[in-house]
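Visitor: I would like a close look at one part of this model, the place where the metal ions are held. Please take me through it with care.

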Amino acid sequence: MRIDLHTHSSVSDGTDPPAVLVRRAHEAGLDVVALTDHDTADSWAEAERAAAEVGITLVRGMEISTRLGHASVHLLAYLPDPTYPPLARALADILDGRNDRVPAICAKLRSLGVEITEDDVRRRAGDAAATGRPHVADAMIARGVVASREEAFATWLNPGRPAYVDRYAVPLEEAVALVAGAGGASVVAHPWGRSRVLTPDHLERLAGLGLAGIEVDHQDHPASVREQLRGLAEDLDLVATGSSDHHGLGKVDHDLGCNTTPPEQLERLLQRAGDAASASGRTTPALLVP
Ligand code: AMP
Ligand code: ZN
Ligand code: FE
Ligand code: FE
């Protein structure tokens with residue numbers, strides 16, 4: 001049983017449309033795949049049809065942009081009701097912030113001598129619901145400014161680099177409560193990856209607020225960090241997941257299934273989502289089994 005619980009389609013900053021992503025997941029030998037686009041459920045409908053066609057189990061999810069102080073923390077949400085009004089409002093606010101940021105980044109780049117227009121970025125984003133810095137990076141690649149998304153982030157777009165612009169994200173504790181209220185299960189994504197702001201104390205506090213799990217096996221975590229996080233998950237009775245964080249061609253070394261979640265951990269995660277759904281009284285998306 002091969003299970004990958006974190007992937008992105010072109011509805012956010014992945015490069016494959018949802019149906020293509022689901023087909024590729026099946027071809028990669030996965031039995032279960034979760035689609036977790038940034039801050040939106042817009043990819044679900046297309047993914048559902050493709051999953052039924054190829055015969056793969058689909059977990060409907062999303063990766064919510066949250067904030068702890070000034071630091072960015074990503075929160076994976078599995079099987080939440082995206083129409084739960086407080087969650088829908090938070091997602092709309094985040095998407096507005098993403099949209100408003102595009103012209104601001106372009107203006108900064110132009111003031112630095114890089115000729116990029118908002119139209120360039122919108123073209124690269126296509127019909128993505130969640131526009132992001134990766135689309136700005138793609139526009140820079142198309143103009144020959146940089147060779148890769150990696151280079152665009154390192155040179156221009158990361159915090160502390162000259163074209164960085166901040167945007168709205170939901171306070172982390174509020175986001176955990178929103179996911180629970182929407183009847184879903186939340187998992188902190190790559191907590192000790194590029195930025196490491198969450199302490200064991202933070203995680204313990206979040207567990208008390210209803211956090212269901214920690215993403216342990218992720219490409220941004222070296223082996224020693226994975227073992228520390230696995231121990232912490234055990235101590236805090238949190239689910240330990242493993243996933244690719246696949247972005248199609250948008251991120252190297254994140255192939256589908258490069259990390260996987262053990263079946264017993266998925267069982268626990270689904271149990272947590274089921275408990276949250278019962279407590280919330282919301283009609284939540286079921287696990288889609290072929
Ligand atoms: P944004 O959503 O606009 O805040 O951009 C952050 C997203 O860009 C992250 O969620 C990653 O998916 C992606 N990302 C961050 N750093 C890199 C990088 N060095 N190369 C490629 N993609 C990146
Ligand atoms: Zn992404
Ligand atoms: Fe992330
Ligand atoms: Fe991600």
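Guide: Along the chain, the donors of the zinc ion (ligand 2) are spaced D-x24-H-x208-H, where donors are N, O and S atoms within 2.8 Å of the metal (3.2 Å for Na, K and Ca), and sites may look incomplete since water is not among the atoms. The protein atoms concerned are two OD atoms of Asp-13, NE2 of His-38 and NE2 of His-247, and they lie 2.0 to 2.5 Å from the zinc ion. Asp-13, in the loop between β1 and α1, and His-38, in strand β2 (residues 32-38), are 25 residues apart, and the pair links distant parts of the chain; helices (H or I, at least four residues) and strands (E, at least two) are DSSP runs, numbered from the N terminus. Asp-13 and His-38 are both buried, a word that stands for under 20% relative accessible area, with exposed being over 50% and partly exposed in between (1.4 Å probe, protein chains only).

This is a predicted model, in which local features need pLDDT of at least 70 and side-chain atom pairs count only at pLDDT 80 or more, while totals for chains, interfaces and linings use all residues. Residues are numbered from 1 along each chain as its sequence is written, chains are lettered from A and ligands numbered from 1 in the order in which they are written, and side-chain values use heavy atoms, with hydrogens and water left out.

The zinc ion (ligand 2) is 5.6 Å from the iron ion (ligand 3) and 4.4 Å from the iron ion (ligand 4). The latter, ligand 4, has as its protein donors His-6 (NE2), His-8 (NE2), Glu-63 (OE) and Asp-245 (OD), at 2.1 to 2.3 Å, and their spacing in sequence reads H-x1-H-x54-E-x181-D. Here too distant parts of the chain are linked, by His-8 in the loop between β1 (3-4) and α1 (18-27) and Glu-63 in strand β3 (residues 57-68), which are 55 residues apart. His-8 is buried, its relative accessible area being 0%, and Glu-63 is also counted as buried, at 1% relative accessibility.

Two of the zinc donors also meet ligand 1 through polar contacts, that is, pairs of N or O atoms within 3.5 Å (within protein, one must be able to donate a hydrogen and the other to accept it, and residues adjacent in sequence count only if both atoms are side-chain atoms). An oxygen atom of ligand 1 lies 3.3 Å from a side-chain N or O atom of His-38, and an oxygen atom of ligand 1 lies 2.9 Å from one in the side chain of His-247.
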